[in-house]
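Colleague: Could you take a close look at one packing contact for me, residue by residue, and then work outwards from there? I think at the bench most of the time, so please spell out any cut-offs as you go.

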Amino acid sequence: MGVTNYDVVVLGSGPAGEGAAMNAVKLGKRVAVVEQSALVGGNCTHLGTIPSKALRHSVKEIISFNTDPMFRAIGEPRWFSFPNVLKKAESVISKQVKSRTQYYARNRINILFGHGSLIDQNTVEVVQHNGSIERLVTKDIVIATGSRPYRPSNVDFNHERIYDSDTILQLKHTPRRIIIYGAGVIGCEYASIFSGLGVKVDLINTRDRLLSFLDDEISDALSYHLRHQGVLIRHREEYDKIEGTDDGVVLYLKSGKKVKSDALLWANGRTGNTQEMGLENVGIEPNSRGQLEVNKHYQTSVENIYAAGDVIGWPSLASAAFDQGRSAAGNIAAENDWRFVDDVPTGIYTIPEISSVGKTEQDLTAEKVPYEVGQANFRSMARAQISNEPVGMLKILFHRETLEVLGIHCFGDRASEIVHIGQAIMSQKGEANTLNYFVNTTFNYPTMAEAYRVAALNGLNRLF
């Protein structure tokens, strides 16, 4: 058994682990990363963000080809199978792994592939894939092991037609009809993907409306367009049991309804990857969903053990995880300019996509803030007309007296890119955050960015 000394040992090489490792080494620390899989990147690269977004992009291109009259001159609409579309995602994954492997090599970060567990608060034991055992003695530890789909015990995930958001990437056929249980971000994204491939989708939502944390108008727009794509949304439903058969899956709902499909995708919640890590050896206890509690410095209940990313729960976004990992490393190095990540833009890659930052209309109404709304509909934007992406809108919420920008909500093509312009202005202090910026700034034409000018003028026209 080998023993090596480090300043920081990071468990996990997903966004949070990578962010922590890279920042720690930049700050002069000797760093090792333990990755349980055979390749770096974590679930983000191999099972979550990258494959699902690559899938979405391919499906969106298929939709464009099949609906644009210009392409009818060279052929009829085409049908594509799920496995064929998945090949594009696989090529992107390999490119991401190559790039991220180079990052570790360039920064002289030692990577150990195997299962890591805590012996005590300064020792990590790694059982590597080749069977050898290493002990890493370290001053500080960052747990960035991510999450996995929540699997209730009464659902048979061994059945060949019952999938979760990890195993759906192993689907070898294209179902004619699929049930998606859970209408959160993952469920809505996959509803868009499958309906875009011509699959009939039953989307089962346990709540009153889709993605209720969104601005109501944006949530309503998502519901409308999913239904327009052929998705049947069933609100306020819970499963009683799920029965796999030889030719499909039957979902029994507590309301007495029965739904049958060729396959079922379980997309209802996630669990932190904290099992078999030796947390009991250091006195750290996960919550009921396997997640770890941290303070604003990303410290757990043990002072020198930090945690970041999906393993700590909200917001469970790759974008936030990178910053959380970087902040954890900054706090380890006793730097004072690292932040607690609590102001995160939402990015939802449905078709069309959604992004928002700041307050919603319902938030501001509840807080009795005198706000006004500025809107720009994409159908009237030249760039949207050129790209044949007329669906969507940009919505700016601002204080009607000070003109302070309070919230940005975008629904439509490139929403996750467009939102960052508004985010940049909202982050300015005092009078620098004002709706007038969008009116008094020259935007390239034609662009989607000029929607900010249109929305700002629309909002100012409402004032009296």
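Modeller: Happy to. On the H3 side of the contact with H4 sit Ile50, Pro51, Ala54, Leu55, His57, Ser58, Val59 and Ile62; on the H4 side, they meet Phe82, Val85, Leu86, Lys88, Ala89, Val92, Ile93 and Gln96. Contact here means heavy atoms within 4.5 Å. Sorted by class, this contact of H3 with H4 has 12 nonpolar, three polar and one charged residues. For the classes, Ala, Val, Leu, Ile, Met, Phe, Trp, Tyr, Cys and Pro count as nonpolar, Asp, Glu, Lys and Arg as charged, and the others, Gly among them, as polar.

Before going further, a word on the source: this is a predicted model, in which local features need pLDDT of at least 70 and side-chain atom pairs count only at pLDDT 80 or more, while totals for chains, interfaces and linings use all residues. Residues are numbered from 1 along each chain as its sequence is written, and side-chain values use heavy atoms, with hydrogens and water left out. As for the labels, helices (H or I, at least four residues) and strands (E, at least two) are DSSP runs, numbered from the N terminus.

Now the geometry. Helix H3 (residues 49–67) packs against H4 at an angle of about 130°, and their axes are 8 Å apart. Those axes are lines fitted to C-alpha atoms, for helices over the stretch in contact, and the angles run from 0 to 180 degrees between N-to-C directions. That angle makes H3 oblique to H4. The cut-offs are these: under 35 degrees is roughly parallel, over 145 roughly antiparallel, 65 to 115 roughly perpendicular, and the rest oblique. H3 and H4 cross in a right-handed sense; a crossing is right-handed if the near helix is turned clockwise from the far one by less than a right angle, and left-handed if anticlockwise.

H4 has another packing partner. Which residues of H1 meet Arg100, Tyr103 and Tyr104 in H4? They are Gly17, Glu18, Ala21 and Met22. By class, this contact of H1 with H4 has four nonpolar, one polar and two charged residues. Helix H1 (residues 15–26) and helix H4 (residues 82–106) pack at about 25°, with axes 10 Å apart, and H1 and H4 are therefore roughly parallel to each other. H1 passes H4 in a left-handed crossing.

Moving along the chain, you come to His225, which is found in helix H6 (residues 216–228). His225 is buried, with a relative accessible area of 16%. The scale is: buried under 20% relative accessible area, exposed over 50%, partly exposed in between (1.4 Å probe, protein chains only). Leaving aside neighbours within four places in sequence, His225 is in contact with Pro352, Val391 and Phe411. Of those partners, Pro352 lies in the loop between strand E17 (346–348) and strand E18 (354–358), and the peptide bond leading into Pro352 from Ile351 is cis, with omega near 0°.

Arg236 sits in the loop between strand E10 (231–234) and E11. Is Arg236 buried or exposed? Arg236 is exposed, at 57% relative accessible area. Residues up to four places away in sequence aside, Arg236 touches Asn205, Thr206, Arg207 and Asp208. The C-alpha atoms of Arg236 and Thr206 are separated by 4.6 Å, although these residues are 30 apart along the chain.

E11 brings us to an open sheet of three strands, in the order E11-E12-E13 with antiparallel pairing. Its edge strands, each pairing on one side only, are strand E11 (239–245) and strand E13 (258–261). On average, and with direction ignored, neighbouring strands of this sheet are turned by 15° against each other. E11 pairs with strand E12 (residues 248–253) over six bridges, in the antiparallel sense; two strands pair if DSSP finds at least two bridges between them. Gly244 has Val249 in E12 as its bridge partner.

One last spot for your notes: Asn388 has a positive phi of about 60° although it is not a glycine. Asn388 lies in the loop between helix H9 (382–386) and strand E20 (392–399), and Asn388 is partly exposed at 45% relative accessible area.
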